[in-house]
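Have the model open and ready to rotate? Let's take a walk through it, one stop at a time.

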Amino acid sequence: YMLLRERIDFRHIVEGVERMADGDLNYKIDEIGLQMDSRRLAVAANRVGDGLAEAVEKSIKDERMKTDLITNVSHDIKTPLTSIINYVALLKREEIDNEKIRSYIEVLDSKSQRLKNLTDDLVEASKLSSGNIVLAIQELNLVELVSQANGEFTEKFEQKNLTIVQTLPEVPVVIEADGRRIWRVLENLYNNVSKYAMDNTRVYVAVVPESDRASFIIKNISASSIDITPDQLMDRFVRGDVSRTTEGSGLGLSIAKSLSEIQDGKFEINIDGDLFKAIVMMP
């Protein structure tokens, strides 16, 4: 009888621990009626569950505070930054003969735009962390979006002598997505190529329709060796350029991944030597 009772108690404790392991940290193993050693084990398991629940709650609270801090600081930066950008734009309209002053204005323009992009990335990342995003899902032609992206980035690619080789269907490929968010995904991927691709190479762009989804694929040769994994590249503030000589923030791929997933899509990165390949799959 004692062996049978011990076996029943043990199974009861195992089931409780499994519920905690599955994420139900508020679950408590009923200690009433358990024998001595089983009761001690149940008490210890409940204490572990309490500790984990407290740690998770503290972690969520800290993450929320960090997100709020980033959002508030970013908004506070935006107000004076907008004024700086506007005044720089006014200065660029003036007829200034001094070449040195004109070069100073160009530097101010470049750096203020870079700061604006970084601030926008921080706000977007904080919104994604908190889930504070409202989507407007609609039917969009992915082929048209990619063609538009190719046109908008032509000038930037020409500066590095990058040639776009596109494989696009002649018929529309309709996806369900938020127009502004999916454009941000494409924009981040094209910007990533413009920053990190090797000069005088080709960039391969394709749209591949399937039965229940469509994929956008972009491939390029990296200017420097990629010594980190695809998963690490999609982490926040991680950049392929460890020397930080480019103007990336390390948020572009992370934001692209998060934006794809909240629209019921998938985002993948494959690395083969110096070949970088990103795939966005949308329903």
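What follows is a short tour of surface, salt bridges and a buried lysine.

One thing to keep in mind from the start: this is a predicted model.

Let's begin on the outside. L69, V73, I77, L115 and L118 come together there as a nonpolar patch, and their accessible area adds up to about 380 Å². Two helices build this patch: α2, running over 36-93, and α3, running over 99-130, each give at least two residues to it. The largest share comes from α2, with three residues. If you want one residue to zoom in on, try L115, which sits in helix α3. L115 counts as partly exposed because its relative accessibility is 37%, in between the 20% and 50% cut-offs.

Now for the charged side chains. How many salt bridges does a search of the whole structure find? The count is nine. Some of them join into something bigger than a pair: K78, K116 and D120 are linked in a network of salt bridges.

Stay with α3 for a moment and look for E99 and R102. Their side chains meet in a salt bridge, with N to O at 2.3 Å. Both residues belong to helix α3 and are three residues apart, about one turn of the helix. That spacing makes sense, because an α-helix has 3.6 residues a turn, so residues three or four places apart point the same way. The two partners fall into separate classes of accessibility: E99 is exposed at 52%, while R102 is partly exposed at 34%.

Helix α8, residues 252-262, has a pair of its own. K257 forms a salt bridge with E261, and the closest N and O atoms are 2.8 Å apart. Here the residues are four apart in the helix, so about one helical turn separates K257 from E261. K257 is partly exposed, with a relative accessible area of 25%, and E261 is partly exposed too, at 39%. Elsewhere in this helix you'll find buried residues: L253, S254, I255, A256, L259 and S260. Step just past the end of α8 and you reach D264, which takes a positive phi of about 65 degrees.

One more pair is worth a click. The side chains of D24 and R19 meet in a salt bridge at 2.9 Å, N to O. D24 is partly exposed, with 28% relative accessibility, and R19 is partly exposed as well, with 42%.

The last stop is a lysine away from those pairs. K160 is found in the loop between α5 (154-158) and β2 (163-167). Is K160 buried or exposed? It counts as buried, because its relative accessible area is 18%, under the 20% cut-off. So what does the side chain of K160 reach? It reaches the backbone oxygen of S194, at 3.2 Å. A polar atom of the K160 side chain also lies 3.5 Å from the backbone oxygen of K195. Leaving out residues up to four places away in sequence, K160 touches S194, K195, Y196, A197, D199 and N200. Put together, you have a buried lysine whose side chain has backbone oxygens of S194 and K195 as polar partners.

Conventions. Residues numbered from 1 in each chain as written. Predicted model: local features only at pLDDT ≥ 70, side-chain atom pairs only at ≥ 80, totals over all residues. Heavy atoms only, no water. Patch = residues over 30% accessible without salt bridge, like charges linked within 9 Å, V, L, I, M, F, W, Y side chains within 5 Å. Areas by Shrake-Rupley, 256 points an atom, 1.4 Å probe, with all protein chains shown as cover. Salt bridge = Lys/Arg side-chain N within 4 Å of Asp/Glu carboxyl O. Buried < 20%, exposed > 50% of the residue type's maximum accessible area, 1.4 Å probe, protein only. Polar contact = N/O pair within 3.5 Å; in protein donor to acceptor, adjacent residues only side chain to side chain. Contact = heavy atoms within 4.5 Å.
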